[in-house]
Amino acid sequence: MPTAVLFVHGRSQASDDEIARDPERLAAYVLAKKRKWLAGLSKGLIAAGRSALDESQVVFPFYGNTFADAIKDFEANGGRRPELEMLSTDAEAEEAKLVRTKVAALLDAADAIGYDPVKELSYTDPGVGLTPRDVEQEIGFGDALKLPIVRGALQFLSRKTGTPALIIERFLDDVAYYLELEDMRDKVLSVVERDLRETLPTGGDIVVVGHSLGSIVAYDLLTRLPPSQKVRMLVTAGSPLGFPIVQKNLLGKQPGRKPAVPAKVPTRPAAWLNAYDVLDIVALVHPLAGMFEESVPGQLIDERTHNPTGPHAIEDYLADPDIAVPISSALQE
């Protein structure tokens, strides 16, 4: 069988409940999502004078509804969404863990584009009276100054990137859920593994392409694939894998060391290609090269791109010939 390309989608892809209850409509919904990715890749390949990819070569596991349902179940059973205001409350242990991870990711993103809490709060919340000395001291998780600093970081990110604060928070919520709730992570990975196994029952070669939260899922997946599954290339786009809090929680991460390029990634230069748009809020911590332990120099490379319809749009990432052509070449090896 020809090499397949595995597309691993990101967050916020769930259908509405009416579609979810109708197998035919759900299948059409998932197919439309898959073809959106394929259209972007085909555009990039055709622009480079390459042939478009055949749909039969694409594996598109859809975990969107599984993830959304797991979050609903968590909340239905008494779990609370990790709102920033919970910083100043006595949250239960599991909820406090979610909030800590969400806050860490928020500060990672804000720091990446020069967040200065003293300067920011001087005109957004001057009553706080934050000083450089306050920031230099390690402000504890429960300190009264922590919430204004975090709120300031959210406002700063929203203003600098043009992304509504609610969208930023929902992304951070989902990252926290995936990283911190083991059962939720396992449900997502199980969907991807099941679909891959059903499509390629005897294993075979794949090129893995992960977008947004899906790039974390893709990384984790490569630590769990069976020996029969050979990976020819890893491509990540619009990825939060540069966030320190994300790296800390990746599967296989060794304490005190950088995360490693997954062992399944070929031991050759440019075997992992990471694409980012500088305006993509999910990929603000970039480039990834140098953040991961490589088996050979240049195993992980970065490609800066410009996405015309939206900084985080997967179809724009894949339509860039500098991203599409390496995927095509890996498929033809």
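Start by selecting Ser212, in the loop between strand E3 (204-211) and helix H10. Keep in mind as you click around that this is a predicted model. Check the backbone here: phi of Ser212 is near 60°, which is a positive value in a residue other than glycine. Is Ser212 buried or exposed? Its relative accessibility is 3%, so Ser212 counts as buried, the cut-off being under 20%.

Now step from that loop into H10, which covers residues 213-222, and pick Tyr219. Add Trp272 to the selection, and you have an aromatic pair. How do the two rings sit? They are tilted, with 6.3 Å centre to centre and 50° between the planes. The pair links distant parts of the chain: Tyr219 belongs to helix H10, while Trp272 belongs to strand E5 (residues 272-276), and the two are 53 residues apart. Color by accessibility if you like; Tyr219 is buried, and Trp272 is too.

While you are at strand E5, back up to Ala270, in the loop between helix H11 (244-248) and E5. Here is another backbone to inspect: phi of Ala270 is near 60°, again a positive value in a residue other than glycine. Its surroundings can be put in a number as well: Ala270 has a relative accessible area of 26%, so it counts as partly exposed rather than buried, given that buried means under 20%.

Next, go past E5 into the loop that runs between E5 and strand E6 (300-304), and select Pro287. What is the peptide bond from His286 to Pro287 like? It is cis, with omega near -10°. Show the backbone atoms of both residues, and the bond from His286 to Pro287 is the one to look at.

Time for more rings. How many aromatic pairs does a search of the whole structure find? The count is 9. One of them to pull up is Tyr63 with Phe67, an edge-to-face pair with 6.4 Å centre to centre and 70° between the planes. Why call it edge-to-face? Because the planes are over 60 degrees apart. Both partners are out of the solvent's way by the numbers: Tyr63 is buried at a relative accessible area of 1%, and Phe67 is buried at 4%.

For the last stop, select Phe7, Trp37 and Phe60 together and show their side chains. These three residues form one aromatic cluster.

Note on methods
Residues are numbered from 1 along each chain as its sequence is written. This is a predicted model: local features need pLDDT of at least 70, side-chain atom pairs count only at pLDDT 80 or more; totals for chains, interfaces and linings use all residues. Side-chain values use heavy atoms; hydrogens and water are left out. Rings of Phe, Tyr and Trp (its six-membered ring) pair if their centres lie within 6.5 Å; planes under 30 degrees apart count as stacked, over 60 as edge-to-face and the rest as tilted. Buried means under 20% relative accessible area, exposed over 50%, partly exposed in between (1.4 Å probe, protein chains only). Helices (H or I, at least four residues) and strands (E, at least two) are DSSP runs, numbered from the N terminus.
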